[in-house]
Amino acid sequence: MENRLPTSDPDFVESLIPQRFPFVMVHQLKEYSENQLVSGFEITEDNIFIQDGVFQASGLIEHQAQSVALHTGYKYYLLGKEAPTGYIGAIKSFEAEALPETGDHLVSEVTILNEVMGVTLVDIVTKLNGGIIARSQMKTAVK
């Protein structure tokens, strides 16, 4: 399959994840390798995780999880296969140093630490304007 990176084509990006509007929390696939991915997400005022103009921590977690799903989806795209549905298996840690606002553009870096039998352990760092605003470590599982 063709490498189409970087891309912010909404149809292509959404084809790589199981979520659909209004629950899509990734808009860009900037970089991909076997063990890493960089995603982007612009927060709009109609986002379901916006409260009083602030993107809530639950939205940050969902954005990070969808960034992991984007890694899996793109990997399957390159193999010419349909991506499986995935789930958050466990959140080992999550820290939010700041909550972004409407109009902010998030960039998340996913690092695959281990992948065994459909369970993936990842570290995720989310940045706003180059500064880290959230970190997590989670396990995801595919169906």
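Select Phe 41 first: its bridge partner in strand E6 is Leu 106. The model in the viewer is a predicted one. Extend the selection to strand E2, residues 36–42, and strand E6, residues 105–116; the two pair in the antiparallel sense over 7 bridges.

**From E6 to E7**

Keep E6 displayed and add strand E7, residues 119–128. E6 and E7 run antiparallel and are joined by 10 bridges. To inspect one position along E7, select Lys 127, which stands opposite Val 107. Next, centre the view on Met 117, in the hairpin of E6 and E7. The hairpin has 2 residues between the strands, and Met 117 takes a positive phi near 50 degrees. In a regular strand the side chains alternate between the two faces of the sheet.

**Helix H2**

Now select residues 57–78, which form helix H2. H2 has 22 residues and reaches 32 Å from its first C-alpha to its last, close to the 32 Å expected at 1.5 Å a residue. Is H2 largely enclosed by the rest of the structure or not? Of its 22 residues, 16 are buried, so H2 is largely enclosed by the rest of the structure; buried here means under 20% relative accessible area. Move on to Gly 80, which follows H2 and has a positive phi, near 75 degrees.

**The largest pocket**

Select Ala 65, Ala 69, Gly 86, Tyr 87 and Thr 140 together. The largest pocket has a volume of about 200 Å³, and of the 18 residues that line it, these five are the closest to its centre: Ala 65, Ala 69, Gly 86, Tyr 87 and Thr 140. To see the elements that give two or more residues to the lining, display H2, strand E5 (86–96) and strand E8 (131–142). Which element provides the largest share of this lining? The largest share comes from H2, with 7 residues. By class, the lining of the largest pocket has 11 nonpolar, 6 polar and 1 charged residues.

**The second largest pocket**

For the second largest pocket, with a volume of about 150 Å³, select its lining residues, among them Ser 15, Arg 20, Gly 73, Tyr 77, Lys 81 and Glu 82. By class, the lining of the second largest pocket has 6 nonpolar, 3 polar and 3 charged residues.

**Confidence**

Finally, colour the chain by pLDDT. The chain averages a pLDDT of 93, and 98% of the residues score at least 70. Confidence is lowest in helix H1, residues 10–15, at a mean of 92, and highest in strand E4, residues 54–55, at 98.

Key. Residues numbered from 1 in each chain as written. Predicted model: local features only at pLDDT ≥ 70, side-chain atom pairs only at ≥ 80, totals over all residues. Heavy atoms only, no water. Pairing = 2+ DSSP bridges. Helix = DSSP H or I, 4+ residues; strand = E, 2+ residues; numbered from the N terminus. 1 Å grid on protein atoms, 1.4 Å probe; cavity = no way out; pocket = protein on both sides within 12 Å on 5 of 7 lines; lining within 4 Å. Points joined across faces, edges and corners; volume = space filled by probe spheres on them. Nonpolar A, V, L, I, M, F, W, Y, C, P; charged D, E, K, R; others polar. pLDDT = per-residue confidence, 0-100. Expected span 1.5 Å × (residues − 1). Buried < 20%, exposed > 50% of the residue type's maximum accessible area, 1.4 Å probe, protein only.
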